[in-house]
Amino acid sequence: MKLFKNIAYIITAGLLFTSCEKEIDVQLPPTPSEIVVEAYINQLNPLFNYVILSRTVDYFNPQLNLLGVKGAQVFITEGTLNGNDTAWDIANKKQLLELAPDTMPGIYFNPLLTGKEGKVYKLEITSDGKYIHGTTNIPALVPLDSITYEVKINPDNDKDTGKFMTIHFMEPAATGNNYRAMYRIGGDTAYFGWGSIYDGDAVFNDEIINGVYRHFTYGRNFNFDDTINYYFSCIDRPAYNFWESYDQARSNGGPFATPVQLKSTVIGGIGSFTGMAVTQKKLIIKRK
Amino acid sequence: MQTAHKKLFISLFLVIISAAGAYAQKQLTLSGKITDDQSGETLVGATVLCMGTDTLGTTTDINGYYKLSVFAGKYNLKVSYVGYKTLTTQIEITANASRNFKLEAEALNVGEVEVQAEASDKNVKSIEMSTVSLSGKTIKQLPVIFGETDVLKTITLLPGIKSGGEGNTGFYVRGGGPDQNLVLLDEAVVYNASHLLGFFSVFNGDAVENVEVIKGGMPANYGGRLSSIVNVGMKEGDVYKTRVTGGIGLISSRLQVEGPIQKEKSSFVVSARRTYGDVLARPFLADSIKGNSLYFYDLNAKLTFNLGPKDRLYFIGYMGRDAFRFVNNRVNKFTFSVNWGNKIAGVRWNHTYNSKLTSNLSVIYNDYDLKSTAEFLSGSLNVYSGLRDVTTKLDYFYAPNKKVKVKYGAQYIYHTFIPGILSAQQSGVSINQTINRQFAHEGAGYVSVDYEATPRIYINAGLRYSLFNQIGPYKQPLFDELGAPTGEYVEYKKGESIKLWHGAEPRFSFRYSIDASTSVKGSYTRTLQYLHLATSSSATLPTDLWVPSSRLVKPQIADQVAVGLFKNFKKDEYETSIEAYYKPMQNQIEFKPGAQLFFNQNLENEMVFGKGLSYGVELLLKKTRGKTTGWIGYTWSKTTRTFDVFNYGNPYYYRYDRRHDISVVVTHQINKKWNANFVFVYGSGNVLTLPQQRMTYNFGISPQSPLPYFNIVDRYVDIANFRMPAYHRADVSFNYTPKPDNKKFQSSWNFSVYNLYSRANPYFIYFDPDVATQTVRARMVYLFPIIPSVTWNFKF
């Protein structure tokens, strides 16, 4: 119910017509830096399987760019779940190599690494004598059926024409499905990294609505000729918990801020290893 | 409206019965009622002193009655009450007697603020410690922001009671949280005491007769919260004539009508208030948000019936509501409305059996709820949450002789918790989801004995025994360790006990008089609290939920020891006190970082449990009489919490830990027409949890952008790692009564200036990392600079 928090903001903003702000000096005790892990594996696009390693910095450190961690040993191993045990395919353990250690350090990649639905993956990192590890799985794919749009004409005002996108999918009868839905607006295709699909990014699960054919309409009013690249992913529960906490962490602030902590899925560092079963669809909003 | 009582109406009352001489050592009872001579309003807490060979004293109860056990003989009787002329009379008592007194309002010092609704030496003579009170009159004279008066803001000017700051009516008593205060409106519990997210309290100053705050040494007849009892007494209607009182202010207006139903026997009073700040602000708002509205209103009503000399019946009602509506009229048509508030209805029957025994029986219904509706393009969403209580309370007061007073009674509450009901429609799919209701019985019985062992030594010993029983029907869903529902439930049948908590709450206090104007007091109190407020932010949100003790959630426990030295000077013109307290607390509750509180079926899993400790010293110097009155309060205190999951289990400073807290309140009567008030407050800054580190996450690159994409995410390491700058502020106000002698229609003006020197007091702090300029800055948001306001009040 982030809605309520937002409403609370609006109410406060309404009241605070006299509010002002000024700069203030804040001194906080320094804290040891930690390694941040951003790792993905999916069944659809091997180019979007990668590991990024960076560092946390003290808040007032003026360095604001990605602080990549160079020279780490990064491996991903596929496994098959047999009951409670996992059989790891050690022979096919794959090392990810640093893509551009000099220009953009910290990005590890292996084009031969592919993900499969229903498999388990183990991530192992060694950096400066530190061992960081985590596992994830690519859940069974819940396919996205289609994306449609609707143009609503305002009879009074030609300018306020609404263009709304709706996604359609069959939510499976079994409970415990978690989703991450992302989209990017624009016709170009040369983007890289899940972070480049930033126009919409939402996580949800089937706790409230389970086992029905779902239609979800976005509140955003698109423009004519927008090209929307839509990525609909199934993720496991630890990944859902991480992305849900991430969503809270990035929208945190103001008088109602709470100290949000990321629910990491890796041990020895901060961040997540996310397995995704992805459906990708494209939509162009056309003038009728 | 103090000018109402300005005329000399009824002269002093002299009862002289010639001495018969015969004077046996027999216990007799002198009792009666103290009322305002003009309105017939009962005066609660008025002092009756009986000065003879022994000096005895008492104060009137909540219905304005007093009772004294005396030996036959001659006495000088002194009846006094704040803002009224002290009445002195001689009385000879030969048999049980009933004497009613009418007090006349202070005529010459109209508008003079008395800082206490107490006997002039109650400070020293009573056994109560850690107790402070304010009259409605004082509260009305000390406006807070925008010229509004505010009960809960004004009590924070007293030592040991700390304000949460602007935008927060929450108050913090001796290191306790905002949910650890029992706020009572004429004995009815008020669950959410704030309007507009904490900018105003729910109490309309017009409807308030007096407020009493008990910070420690709680009598056994009160319980259910750890830290304090705030008793807000609603005003009774005038039994002689119909009166209308009102006020027009910058952001709200008030109207109150009172009068007799049957002359001298029964009365009514109805007070209403509504804000219109949103209406006034609308012309200045951008078109896109013009459709929004935000206001609150509240309504207080009280009916009083005197059914004869032995029975009185009271009906009370309260209803307050905040409403907010947000409309986006563009084609995606989004309308959101939310409204929330309290409803209280109660009836109280006061019965006198004989001169030694009286009783009070109350039945109260109260309800807090939040309703919201969102309508958007493809559907709608409705959410409801709330809490309902039905309370029955029976209290007896028994005074067998002049040395012993006994209070005993019992209380029972049936709680219904409605954490959330959601129904939604979207693209033809309807969703109905309910967080299961919870039910509980809460009960308590108590006995409290006051015993005046010698004129110097006075003791009180009490025992309260309370219990809390969470019962079915309840269907508790089970969750796995990752927070996902397992699909399994534990189901309890209707009335089936889920968990029973119970415990003894011993109370003890003493007073030792060193001399007539000096005493030492001490107390020990244990309190248990079975209800907990689920809140994670520093502001009061209407979505904050009360949750019951359950199998996982233990009741909170506090033990408090307090000692104090009380001394008055210059015939009680100056009162001083110093009190020290030590208060450990168990089973304190916090929420995990980032906990989702609203609409969470697994809320208990978000809670963590720990300990708390608070100790401090409170100093108070008051001047109670004369043209200039007021007080200076200073508190030194330290409050910590210790939770295994935070800061490696080390103690950390509580959010409202405040090393120094100072308040200065001065009222000066310039002449008959003008009076001036000055307030200064200083408090060490609140403790905040700020992120210590940041990181970049969710990386991406695209040919369109020269820089990679990523988000900057804050990383919290320790909690309570920063203290905000100190809060301080001075306010002044002037009350101007153009024609103080006009009795038919009185009007007065209140001119006030809030934050006189425009101090930028911190509301919150945020960090602003800017990738484009490669800078990281911290910014502090502050709310109110200097704000002048004017309010016009009238009465006829």
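**Strands, cores and loops in a predicted two-chain model**

Strand β32 (residues 497–515) of chain B and strand β33 (residues 518–529) of chain B are paired antiparallel through eight bridges. Strands are DSSP runs of E with at least two residues, helices are runs of H or I with at least four residues, and both are numbered from the N terminus. Two strands count as paired if DSSP finds at least two bridges between them. This is a predicted model, in which local features need pLDDT of at least 70 and side-chain atom pairs count only at pLDDT 80 or more, whereas totals for chains, interfaces and linings use all residues. Residues are numbered from 1 along each chain as its sequence is written, while chains are lettered from A and ligands numbered from 1 in the order in which they are written.

Within the pair just described, B:Ser509 lies opposite B:Ser523 in β33(B), and a hairpin of two residues connects β32(B) to β33(B). Strand β33(B) also pairs with strand β36 (residues 556–569) of chain B, in the antiparallel sense and over 12 bridges. There, B:Thr527 has B:Ala558 in β36(B) as its bridge partner.

Another hairpin of chain B is formed by strand β30 (residues 474–479) and strand β31 (residues 485–492), which run antiparallel and are joined by five bridges. B:Tyr474 faces B:Tyr492 in β31(B). Five residues separate the strands of this hairpin, and B:Gly483 adopts a positive phi near 90° in it. In the loop between β29 (457–471) and β30 of chain B lies B:Pro473, and the peptide bond leading to B:Pro473 from B:Gly472 is cis, with omega near 5°.

Strands of both chains come together in an open sheet of three strands, ordered β4(A)-β44(B)-β45(B) with antiparallel pairing. At its edges stand β4 (57–58) of chain A and β45 (709–715) of chain B; each has a single partner strand, so one side of each has no neighbour in the sheet. Strand β44 (residues 693–700) of chain B is connected to β45(B) by six bridges, and the two run antiparallel. In this pairing B:Thr696 is placed opposite B:Ile712 in β45(B). Helix α2 (residues 237–250) of chain A packs on the sheet, where it touches β44 and β45 of chain B, and its direction makes about 85° with that of β45(B). Such angles run from 0 to 180 degrees between N-to-C directions, with axes fitted as lines to C-alpha atoms, for helices over the stretch in contact. Two residues are in contact if their C-beta atoms, placed from the backbone, lie within 7 Å.

The chains can also be described as wholes. Chain A has two helices and 17 strands, and chain B has four helices and 51 strands. Of the 288 residues in chain A, 39% are buried; in chain B, with 796 residues, the buried share is 48%. A residue is buried if 20 or more other C-beta atoms lie within 10 Å of its own, exposed if 12 or fewer do, and partly exposed in between, with C-beta atoms placed from the backbone. Among contacts with a separation of 6 or more, residues 24 or more positions apart account for 64% in chain A and 65% in chain B.

In soluble globular proteins, nonpolar side chains tend to be buried together. The largest nonpolar core here has 61 residues, and those with the most contacts inside it are A:Val37, A:Val51, A:Leu53 and A:Leu123. A nonpolar core is a set of buried Ala, Val, Leu, Ile, Met, Phe, Trp, Tyr and Cys residues joined through C-beta atoms within 7 Å. Leaving aside residues up to four places away in sequence, A:Val51 touches A:Val37, A:Ala39, A:Val74, A:Leu96, A:Tyr108 and A:Leu123. A second, separate core contains 50 residues, including B:Ile139, B:Leu182, B:Tyr314 and B:Tyr656.

Two loop residues other than glycine have positive phi values. A:Asp225, in the loop between β15 (213–217) and β16 (227–235) of chain A, has phi near 75°. A:Asp225 counts as exposed because 10 other C-beta atoms lie within 10 Å. B:Arg174, in the loop between β11 (171–173) and β12 (181–185) of chain B, has a phi of about 45°. B:Arg174 counts as buried because it has 29 C-beta neighbours inside 10 Å.

Confidence in chain A is expressed as pLDDT, the predictor's confidence in each residue, from 0 to 100. Its mean is 87, with 89% of the residues of chain A at 70 or more.
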